[in-house]
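Here is a short tour to read beside your sequence and model. Take a look at the fold, and then at a few aromatic rings.

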Amino acid sequence: MPQKHPDHRTRVTKMLIRRAFCELLGQKPVQSITIKELCERAGINRGTFYAHYKDIYDLMQKLEDDMLQDFRQALAPLLTCKTEDLTPLKITTSIFRCLQDNMDICTVTLGPYGDKDFAMRLINTGRERYIESYSKYFAGASAKQLEFYYAFVSGGCIFLLQKWLMEGMSSTAEEVAQTAEAIMLQGIGFLRTGASGAKE
């Protein structure tokens, strides 16, 4: 029966594998990464790799699953709070903060060789509560309009995240979230009032 809490050696090994994989994925697509070069970069042998993962694709899937789990945990307090206490800015800030905490994975996920579908899965983690909170701001909007709106702004958030990553995440998660929300809620008016006009 597998241990619920991996020992220190296992945690270190997985950290080395994750770091090596992220470095390689920043240079080439996943299908071009071999287990041999991954193990050499991580400083482990092939047997150690296979003790934890079936292949490169299994590694990528498990890393993404772990990050999604981190996202759900980070968002749990917001996704279960009262609707009147929920704002788009609170959700966006939590998502961006979690992305910042997992910068290595985000860099390759949103990079030229990353998994763009995974990026959308991250953005859609809080989708239902996002739409619920948007309905307070746009009381006259139909459910379909809100769905279209969310699809539009979530796509924009992907490119905003890419821009943020290209800049080395030098801005705080809160600053980027405020910028995103100002654009979402004010549209072109954001250019006149700036991010300080974002509703909290």
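Among contacts in this predicted model between residues at least 6 apart in sequence, 62% join residues at least 24 apart. The chain is built from eleven helices and zero strands, and a small group of aromatic side chains gives us something to zoom in on.

**Overall fold**
- Reading from the N terminus, you will meet the elements in the order α-α-α-α-α-α-α-α-α-α-α.
- The chain has 200 residues, and 41% of them are buried.
- About 11,300 Å² of the chain is exposed, with carbon and sulfur atoms supplying 55% of that area.

**Aromatic pairs**
- The chain holds two aromatic pairs.
- In one of them, the ring centres of Phe49 and Tyr50 lie 5.5 Å apart with the planes at 85°; this pair is edge-to-face because that angle is over 60 degrees.
- In the pair of Phe49 and Tyr53, the centres are 5.6 Å apart and the planes meet at 45°, so this pair counts as tilted.
- Together, ring pairs join Phe49, Tyr50 and Tyr53 into a cluster.

**Burial of the cluster residues**
- Phe49 has a relative accessible area of 0%, so Phe49 is buried, the cut-off being under 20%.
- Tyr53 is buried as well, at a relative accessible area of 7%.
- Tyr50 comes out as partly exposed, because its relative accessibility of 39% falls between the 20% and 50% cut-offs.

Technical notes: Residues are numbered from 1 along each chain as its sequence is written. This is a predicted model: local features need pLDDT of at least 70, side-chain atom pairs count only at pLDDT 80 or more; totals for chains, interfaces and linings use all residues. Side-chain values use heavy atoms; hydrogens and water are left out. Helices (H or I, at least four residues) and strands (E, at least two) are DSSP runs, numbered from the N terminus. Buried means under 20% relative accessible area, exposed over 50%, partly exposed in between (1.4 Å probe, protein chains only). Contact means heavy atoms within 4.5 Å. Accessible areas come from the Shrake-Rupley method with a 1.4 Å probe; for residues, only the protein chains shown count as cover. Rings of Phe, Tyr and Trp (its six-membered ring) pair if their centres lie within 6.5 Å; planes under 30 degrees apart count as stacked, over 60 as edge-to-face and the rest as tilted.
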